[in-house]
Structure formats: C-alpha cells, structure tokens
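Here are my notes on the model you sent, set out as numbered points. They begin with a term that is needed later and then move from the whole chain to the sheet, the ligand and two individual residues.

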Amino acid sequence: MHPYAYGSTVEAEGTEPLAYFERRLASMEVLLGSIGDQPMGIVRLSIPTFVTERHKCMLTGMYVRAAARGTGLASGLVDAVVERARGRVILIELSVVTTNERARRLYERHGFEIYGIDPCALKHGDLYFDEYQMTRFLERPPGWTAPKPPSAAWR
Ligand SMILES: CC(C)(COP(=O)(O)OP(=O)(O)OC[C@H]1O[C@@H](n2cnc3c(N)ncnc32)[C@H](O)[C@@H]1OP(=O)(O)O)[C@@H](O)C(=O)NCCC(=O)NCCS
C-alpha cells in the first residue's frame, strides 16, 4: 500500500518463503505494536556491527496499519525504540522520503532533526525519490559540536 515509503519492494520479498522472514526476525530487533491482541504496527531497530559505527542505531521499517493511525501507536513505537536504544548508542538515525509528510512530522515530534537530503535515494521503476536524513541525539559527546556545511567556494 505504501511502496514508495520503503527501500525494499513487494516484488523482491513477496516470493520469499516464511523461513526467510523467521530468520530475519531472529537476527533483528523488531518491535510490534498491538491494540488489544491485534498486531497493528511494527518498527525495527538495528545497530551496525562494524566497530566504528556501533555507537549509533537505525530506525527502519516503520509501519502502522491504517486503522491504528492517529491513535498514538506510532508514537509508542518510536518511544519504544528510543528506550531500547538509550544507554547502548548515542544517537538514532533514520531516512524518510521527502514527500512523506506524515512520517516526517511524527519523527520531528519525537525530536528527530533533518541533517541532510539524500538526492535520488530510492528508485522505484522509473521514479526517483529523495530522502531526508534525520537524527536524534540521546547523549551529546563531550566537546562535540555540529559541523558547519562547507562554503560554496569549497565546492
Ligand atoms: C508514518 C506512520 C507510521 C505515522 O503513523 P500515524 O499514526 O499516522 O502518526 P501520527 O498520527 O502521529 O501522525 C503524524 C503526523 O501526521 C499528521 N497527519 C495526519 N494525517 C496526515 C495526512 N493525511 N497528511 C499529512 N500529515 C498528516 C498528523 O497531524 C501528525 O502531525 P503533527 O505531529 O504535526 O500533528 C503511518 O502513517 C504509516 O504507517 N504510514 C505508511 C507507511 C510509512 O509511511 N512509514 C514510514 C516510513 S519512513
């Protein structure tokens, strides 16, 4: 229903056997949001394995079923990622397609800030999609300040 919101595609994953998804679920931190006993939303938290990147994590695969939108479940999922990440990493990163205003506003409400734009980040068929890169610091490294973009002359 939202092909342009994700990096993966139904075509790429739709033919995979159940065991493929079982393996993926076992190797990732996937959080499920339920209303009553109904699974209504999902989000993934992943921490890179490479030694120089293990201080940050990525929030990906965010999805809330249409019937549960506007209920606070999406916020609950973002909060859950933040709580699981706290103390393990210093920041959370995510990417969101620039036209996905609803998702961007959710993330901004939770303190994520846009730090860059990835031009033509995704290509679905003949269509290109730009993405905002967003980050939320959980703790600021002592003495660290955000770098300024290079001047036009530098380029
Ligand atoms: C993105 C998603 C998880 C957000 O969940 P949600 O329950 O809709 O989130 P919220 O109810 O908190 O709404 C988020 C913001 O969108 C606004 N909004 C509601 N309907 C909207 C619409 N039709 N268009 C634009 N913004 C809208 C809300 O007012 C809110 O903004 P605010 O915080 O400034 O008030 C959910 O819509 C979804 O699963 N969408 C499809 C998949 C997707 O886009 N995933 C994200 C991939 S990065």
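1. Two residues are said to be in contact here if their C-beta atoms, placed from the backbone, lie within 7 Å. Please keep in mind throughout that this is a predicted model. Leaving aside its neighbours within four places in sequence, Ile117 is in contact with Thr98, Asp130 and Tyr132, and I return to Ile117 in the last point.

2. On the overall make-up, the protein chain holds 4 helices and 6 strands, and reading along the sequence gives the pattern α-α-β-β-β-α-β-α-β-β. Taken along the principal axes, the C-alpha atoms fill a box of roughly 50 × 40 × 35 Å. Of the 155 residues in the protein chain, 16% are buried. Among contacts between residues at least 6 apart in sequence, 54% join residues that are at least 24 apart.

3. The sheet comes next. It is an open sheet of 6 strands in the order 1-2-3-4-6-5, and the pairing is mixed. Its edge strands are strand 1 (29–35) and strand 5 (113–124), each of which pairs on one side only. Neighbouring strands of this sheet are turned against each other by 25 degrees on average, direction ignored. As general background, strands of a sheet pair through backbone hydrogen bonds, either parallel or antiparallel.

4. At the start of that order, strand 1 and strand 2 (residues 38–46) pair in the antiparallel sense over 7 bridges, and Ile42 in strand 2 is the bridge partner of Leu32. These two strands form a hairpin with 2 residues between them, and Gly36 in the turn has a positive phi of about 65 degrees. Strand 2 is in turn joined to strand 3 by 5 bridges, the two running antiparallel, with Leu59 in strand 3 as the bridge partner of Leu45.

5. Which strands pair in the parallel sense over 3 bridges? They are strand 3 and strand 4 (residues 91–97), and within strand 4 it is Leu91 that stands opposite Lys56. Strand 3, helix 3 and strand 4 together make a right-handed β-α-β unit. Strand 4 is also joined by 7 bridges to strand 6 (residues 127–137), and here the strands run antiparallel; Met134 in strand 6 stands opposite Leu94.

6. Helix 4 deserves a careful look, since two parts of the description meet there. Helix 4 lies across strand 3, strand 4 and strand 6, and runs at about 160 degrees to strand 4. Helix 4 also gives the most to the shell around the ligand, with 6 residues.

7. For the ligand itself, 17 residues surround it, and the closest are Ala5, Arg69, Ala74, Ala103 and Arg105. The elements that give two or more residues to this shell are strand 3 (56–64), helix 3 (73–85) and helix 4 (101–109). By residue type, the shell divides into 8 nonpolar, 4 polar and 5 charged residues.

8. Cys120, which lies in strand 5, is a position whose backbone I would ask you to look at in the model. Most residues other than glycine have a negative phi. Cys120, although it is not a glycine, has a positive phi of about 50 degrees. Is Cys120 buried or exposed? A residue counts as exposed if 12 or fewer other C-beta atoms lie within 10 Å of its own, and Cys120 has 10 C-beta neighbours inside 10 Å, so Cys120 counts as exposed.

9. Ile117 also lies in strand 5, and the same reasoning can be applied to it. Ile117 counts as exposed because it has 11 C-beta neighbours inside 10 Å. Its contacts beyond four places in sequence are with Thr98, Asp130 and Tyr132. Between Ile117 and Leu91, by comparison, there are 26 residues of separation in sequence and 18 Å in space, C-alpha to C-alpha.

Definitions and conventions:
Residues are numbered from 1 along each chain as its sequence is written. This is a predicted model: local features need pLDDT of at least 70, side-chain atom pairs count only at pLDDT 80 or more; totals for chains, interfaces and linings use all residues. A residue is near a molecule or strand if its C-beta atom, placed from the backbone, lies within 6 Å of it. Ala, Val, Leu, Ile, Met, Phe, Trp, Tyr, Cys and Pro count as nonpolar, Asp, Glu, Lys and Arg as charged, and the others, Gly among them, as polar. A residue is buried if 20 or more other C-beta atoms lie within 10 Å of its own, exposed if 12 or fewer, and partly exposed in between; C-beta atoms are placed from the backbone. Two strands pair if DSSP finds at least two bridges between them. A crossover is right-handed if, with the strands pointing away from the viewer, the path from the first strand over the helix to the second runs clockwise. Axes are lines fitted to C-alpha atoms, for helices over the stretch in contact, and angles run from 0 to 180 degrees between N-to-C directions.
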